[in-house]
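Me: I would like to go through a protein structure slowly, with questions and answers that a first-year student can follow. Could you set it out for me?

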Amino acid sequence: MPMNRMVLLVLLCWPVLLGARDFYLTPEGSGRRNGAAWEDALDQAALSDAFDQLLKPGDCLWLGGGVYTNGTLRISIGGTPGLPKTVAGVDRGSGLPVLAGTWTEARPAQGRTAIRIDPGASDCIFRNLKIERCAIAVHAPGTGTVGTCSNLVFRNVTAEWVRHGFLLQHCDDVHFTECEVKHYTKHAFRFDQGCDRIRLARAVADCSGGDAEWEKKTEVFPFGFLLNDAGEPNTGFTFESCTAANNRMPLQENRYKNGDGFVVEQNSSNIVFLRCRALRNQDGGFDLKPSGVTLTNCVAVGNSRAYRLWRSAELQNCFAGWGATGLWCNGGPVNAVRCTFHRMDSAAVMTDDDATFPVTLKRCIISLAGQVSRKTGAGEVRISDSVVTGPGHSDPDPVYRQPSDAWSGLDDSMNSRAYKDKGYAFEDNETM
């Protein structure tokens, strides 16, 4: 090919190769409203059409700060592998863009969806966006037959005053980073079915923020993170440095009052928790029904039952404190290595009716527990190379650095100075 023709071809392909075409949109728009620059920004009415029709694979739609009243972004046409479409918020002096509705907790099932991702729409990036007062912040109602959504990225997407934060099904290879949902009445992150290879890093689900009045407005079964069993299994989930807090509904009429931090139903598989925290949830901190779940460096404080395990699980360097039961098992086997159970009013470990396999504690610390263990089924509790302290026990006090029921797992307050080789130990190089 002659050199001049080759140069011309490269120049023509340059924007596609770089994936660098940018379009701009603000609530009111400006200038010629063609999206070529901030001075000619598209307006809110063009939001969905701009993403679907104007953007090509590799392009980015920049949203200027401000309130997009009743703003809805519907994604029907995504990018392609290696060339995703991106929608990104920009703080131009008045904060990040806010997609805002008129949803109210008095009628939680009524309201709009802020971002809807149609079945088959894939290769999309969403970052630096805020969503408020919508029934559902982000919804991917995939069917599995029309097409799975794949290669989705959510970074710093936050939602507040919603029924559901993220409600996804039939989505694969999805990454969440620093996403937060607060003040929800039902669920923050819900994966209904058919979701595979999902990674959540530093995601936060805080139902009430500790606001007792909001907790009276939540619906039955408020959960932070839910892997549901609506149909096809959810597989391959990694929760890294995630937090589930204040999932409570004190006005539930049932005798058994639910409200959990992390919930994984039985048909899910390959589930990993790293450095996750469950704080002040009404029932379970971690309510996990599948086999083979692993938890490493996790913390559960102020829950009724810190770790609620229905089948086999492995716990390494985990903490349970200030609740009724530390580790509740209804199946097994469960192995807990170098874990701490502190101030559990009922028991550090309980095996319930269907627990037929043992719970084994090795190099653990049990301190100030109502009972070390109790059982109503056949499952045994085996303790080795561990210490039990408190009234009626002869082992010396663990000498925690700064024990407090207000501890949130972000420092070494519950490290034992007396037993360097036993119990939970927070490490300075952990990034929560």
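The questions below take up confidence, strands and salt bridges in turn.

Reply: This is a predicted model, in which local features need pLDDT of at least 70 and side-chain atom pairs count only at pLDDT 80 or more, while totals for chains, interfaces and linings use all residues. Residues are numbered from 1 along each chain as its sequence is written, and side-chain values use heavy atoms, with hydrogens and water left out.

Me: Over which residues does pLDDT stay under 50?

Reply: pLDDT is the predictor's confidence in each residue, on a scale from 0 to 100, and the chain averages 93, with 93% of the residues scoring at least 70. Where pLDDT is low, the predicted coordinates should not be read in detail. One stretch, for which the model has five contacts (heavy atoms within 4.5 Å) beyond four places in sequence, stays under 50, and that stretch is residues 1-17.

Me: Which residues of strand β6 point the other way from P97 and L99?

Reply: Strands (E, at least two residues) and helices (H or I, at least four) are DSSP runs, numbered from the N terminus, and β6 covers residues 97-100. In a regular strand the side chains alternate between the two faces of the sheet. All four residues here are buried, where buried means under 20% relative accessible area, exposed over 50% and partly exposed in between, with a 1.4 Å probe and protein chains only. P97 and L99 point one way, and the residues that point the other way are V98 and A100.

Me: In β8, what is the bridge partner of L99?

Reply: Two strands pair if DSSP finds at least two bridges between them, and β6 pairs in the parallel sense with strand β3 (residues 66-69) over four bridges, where V67 has V98 as its partner. Three bridges also join β6 to strand β8 (residues 124-141), again running parallel. In β8, the bridge partner of L99 is I131.

Me: How many of the 21 residues of strand β9 are buried?

Reply: Strand β9 (residues 149-169) pairs in the parallel sense with β8 over 14 bridges, with strand β10 (residues 171-177) over six, and with strand β11 (residues 180-191) over eight. Among the partners, E132 is matched with E160, V153 stands opposite H175 in β10, and A159 stands opposite V181 in β11. The strand is largely enclosed by the rest of the structure, because the number of its 21 residues that are buried is 15.

Me: Where do D43 and R33 lie in the chain?

Reply: Side chains of opposite charge can pair when their charged atoms come close, and a salt bridge is a side-chain nitrogen of Lys or Arg within 4 Å of a carboxyl oxygen of Asp or Glu. D43 and R33 form such a bridge, with their closest N and O atoms 3.5 Å apart. The two residues are ten apart, and both lie in the loop between β1 (22-25) and α2 (47-54).

Me: Are D287 and K289 buried or exposed?

Reply: The structure holds 26 salt bridges, one of which joins E213 to K216 at 3.2 Å between the closest N and O atoms; E213, at 47% relative accessibility, counts as partly exposed, as does K216 at 42%. D287 and K289 form another, with the closest N and O atoms 3.4 Å apart. Salt bridges that share partners join E265, D283, D287, K289, R305 and R308 into one network. As for accessibility, D287 and K289 are both buried.
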